[in-house]
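Work through the exercises below with the sequence and the coordinates at hand. Each task is followed by a solution in steps.

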Amino acid sequence: MRLLIIEDDAATADYLAKGFSEEGLVVDVARNGKDGLFLALNEPFDVIVTDRMLPGPDGLAILRALRASGIATPVLMLTALGEVDRKVEGLEAGADDYLAKPFAFAELRARVRALARRPAAQAEPTELAVGDLRMDLLRRVVTRGAREVELLPTEFRLLEYMLRHPGQVLTRTMLLEKVWDFSFDPTTNVVDVHVSRLRRKLEAGGEAPMIRTVRGAGYMLSAPAPA
Amino acid sequence: MNPLRSFAPRMALAIAAVVLVTSILGAGWGWLRARDALRQQLDLVLAAEAEGLLRDYETYGLRGLAEAAEIYARRRGPLHVLLQTLDGRAVAGSLPSPPGALRGYTTLPATEAAAPLRALGAILPGGVNLIVASDLTSVDRAAYALAWAPPIAGGLAALLALGLGFLLARGLERRLAGVSTAAQAVMAGDLTRRLPESGRGDEFDRLAATINAMLARIETLVAEVRQVTDDIAHDLRSPLSRLRQRLEAALARAREPEADAAALEETLAELDQVLATFAALLRIARAEAGTGREGFSTIDLSTLVAEVADVYAPAAEEAGRPIATEIAPGQQVTGSAPLLRQALANLLDNALSHGAGPIRVALRPGGILEVSDQGPGIPPEEREKVMRRFYRLDRSRGTPGTGLGLSLAAAVARLHGGRLVLRDGPDGRGLAAVLELPYAAA
């Protein structure tokens, strides 16, 4: 997988490049908007991570230029703390995800992975399935094997998001943002309780666990290892 | 001060000029009218004189008339009488500039020897021409005298206007200087300074009152900013010093992989707390500055409240604190969904970590959103204070949280043109936090 990082702060750029290289990614780094845009336009990447504030064309300008040239590579935009309300602007310009600095590397890694595995835009599926877990999006019915799993609407949304990103680490922040539209971290531990309830319902028939807790990062849904 | 750069003297000068010009034009017109009127008067006098002389002629004949003319001539008065033949030979009396035979009125222009005259002539039987004339000088002098009155009055008025203007300018200058001095004092940092008011309640006083109200608002804002800065310094210093001590201690210790990892993890957790505080502070600051209002849209508050309550329901149940909802359907407000979501989440976080007993979330018609519990509540005298940044009740110091939740909820309420009210919970127990949002019709 090939990743482009456009970031003018040398320490951050090196840290990210090192982190993603250790993950086995091929990483290119651009230190300003001009080089970043040149690379993004001329080389194929799976994901682009760009700072919003950059010398030369800034993150938004790069994003607009890419989308205008028909390049649909997923873009994650990094922004300074406290500019949450400018998130909309970035998303409207064509960013696929948004992360405020400072962030935990695990958070960025999870989001980059989620973007990279995003399926190419195709017809909206009518069914999602991982292992013996199936979700019928039209009838809004979830089955595990032959057993029907009854879910509350909010649990259904959580499971749908997890089924769309199987085998990927999903952080609490990602779940809060994508499932419930919470752009902040509540003091109350709402995510863990939702996940453990969902987990209980999925394993109520004595089936093998599917949702795994990834320590210090988040959760991952995958088909249970064959026994 | 250059008087011409001041408003009042300029105005006074303009008024004086207008008064002067109109009075001069008026004088010209007045002179013409007065002269005409006086001349008509004179014509009547001449006619009366001529009639008297004709009566003499009828009674005493030509001799009597000649004698009367001689009497006029001897008198050398303003009236002249001349008797002459039709070809201009004088018979009796005199006229400074005889015009030749004359019938009816005429005006004889001034000559070197004589002033201008108004004359009336009559032809008598026997070819005698009687002319009665009067000096026009006195009439013209009277007309001049009459015509000069308005310009003199006008000139005086202009002078008065000028004087008054300069006085007014001095007064204005003095009041403006007071304002200027006060404004400079404010600029120099004395935010308690206010503009002087004369107490007359005039336009200047009203302007000064408005500006003083603005200065008072600025003073409050600056005081708030100072308070916040102090709060930030105080509340971030403690976690940052703890971090520093922890890192220092870990560094001084012998390297042990497990202990080092534990120290680093604790450090990260604490750092995340500091960052969360920062993020909350920035959000409050932005909400209070009014940024984000441009992103307002119509929001279905009923759905939003139900969704947030659903997010919290399982966690609350696990904690043995079930959430009961009572949501009026179809409630809409104009606002920011992310901020309202966060405000409600903060209230629920508070109820869960500081309250006790079951929690009730009620959305009543009119945009009234209430979160109540049956815990220890907040004493009335503390209710204003807990909405301040970082203020925490003594008993809450041990619980997690930034101490900013209520401040943010209050700031969000203000941003939406509403307010956050804290009061006793239902049955007088616990706390009810009420977000009152301006309602945008269902």
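**Exercise 1: the enclosed space**

The residues that line the largest cavity are Arg157(A), Trp180(A), Phe182(A), Glu307(B), Val308(B), Val311(B) and Arg341(B). The model is a predicted one. Task: give the volume of the largest cavity, the make-up of its lining by class, and the helix that gives the most to the lining.

Solution.
- Step 1. Probe the empty space: a probe the size of a water molecule, rolled over the atoms, shows where such space is left.
- Step 2. Count the cavities of 30 Å³ or more; the count is one.
- Step 3. Take the volume of the largest cavity, which is about 30 Å³.
- Step 4. Sort its lining by class: four residues are nonpolar, three are charged and no residue is polar.
- Step 5. Assign the lining to elements. Helix α5 of chain B, residues 301-318, gives the most, with three residues.

**Exercise 2: the sheet of chain B**

Task: find the strand order of the five-stranded open sheet in chain B, then state which strands stand at its edges and which helix packs on the sheet.

Solution.
- Step 1. Read the order across the sheet: β2-β1-β5-β4-β3 of chain B, paired antiparallel.
- Step 2. Look for strands with a single partner. These are β2 (90-93) and β3 (104-108) of chain B, so each has one side without a neighbour in the sheet.
- Step 3. Average the twist from one strand to the next; the result is 25 degrees.
- Step 4. Place the helix. α1 of chain B (residues 7-75) packs on the sheet and touches β1 (79-85), β2, β3, β4 and β5 of chain B. The direction of α1(B) makes about 135 degrees with that of β5(B).
- Step 5. Examine one pair of strands. Eight bridges link β4 (residues 117-124) and β5 (residues 128-135) of chain B in the antiparallel sense. Within this pair, Gly121(B) has Ile131(B) in β5(B) as its bridge partner.

**Exercise 3: a three-stranded sheet in chain A**

Task: describe the open sheet made by β10, β11 and β12 of chain A and the helix that packs on it.

Solution.
- Step 1. Write the order, β10-β12-β11 of chain A, with antiparallel pairing.
- Step 2. Mark the edges: β10 (170-171) and β11 (211-214) of chain A each pair on one side only.
- Step 3. Count the bridges between β10(A) and β12 of chain A (residues 218-221); there are two, and the strands run antiparallel. Leu170(A) is opposite Tyr219(A) in β12(A).
- Step 4. Add helix α8 of chain A (residues 190-202), which packs on the sheet and touches β11 and β12 of chain A. The angle between the directions of α8(A) and β11(A) is about 150 degrees.

**Exercise 4: backbone exceptions**

Task: which peptide bond is cis, and what is the phi of Arg140(A)?

Solution.
- Step 1. Recall the background: most peptide bonds are trans, and most residues other than glycine have a negative phi.
- Step 2. Check omega. The bond from Lys101(A) to Pro102(A) is cis, with omega near -5 degrees. Pro102(A) sits in the loop between β5 (97-100) and α5 (105-116) of chain A.
- Step 3. Check phi. Arg140(A), although not a glycine, has a positive phi of about 55 degrees. The loop between β7 (133-136) and β8 (141-144) of chain A holds Arg140(A).

Terms used
Residues numbered from 1 in each chain as written. Chains lettered and ligands numbered in written order. Predicted model: local features only at pLDDT ≥ 70, side-chain atom pairs only at ≥ 80, totals over all residues. Heavy atoms only, no water. Pairing = 2+ DSSP bridges. Helix = DSSP H or I, 4+ residues; strand = E, 2+ residues; numbered from the N terminus. Contact = heavy atoms within 4.5 Å. Axes fitted to C-alpha atoms, helices over the stretch in contact; angles between N-to-C directions. 1 Å grid on protein atoms, 1.4 Å probe; cavity = no way out; pocket = protein on both sides within 12 Å on 5 of 7 lines; lining within 4 Å. Points joined across faces, edges and corners; volume = space filled by probe spheres on them. Nonpolar A, V, L, I, M, F, W, Y, C, P; charged D, E, K, R; others polar.
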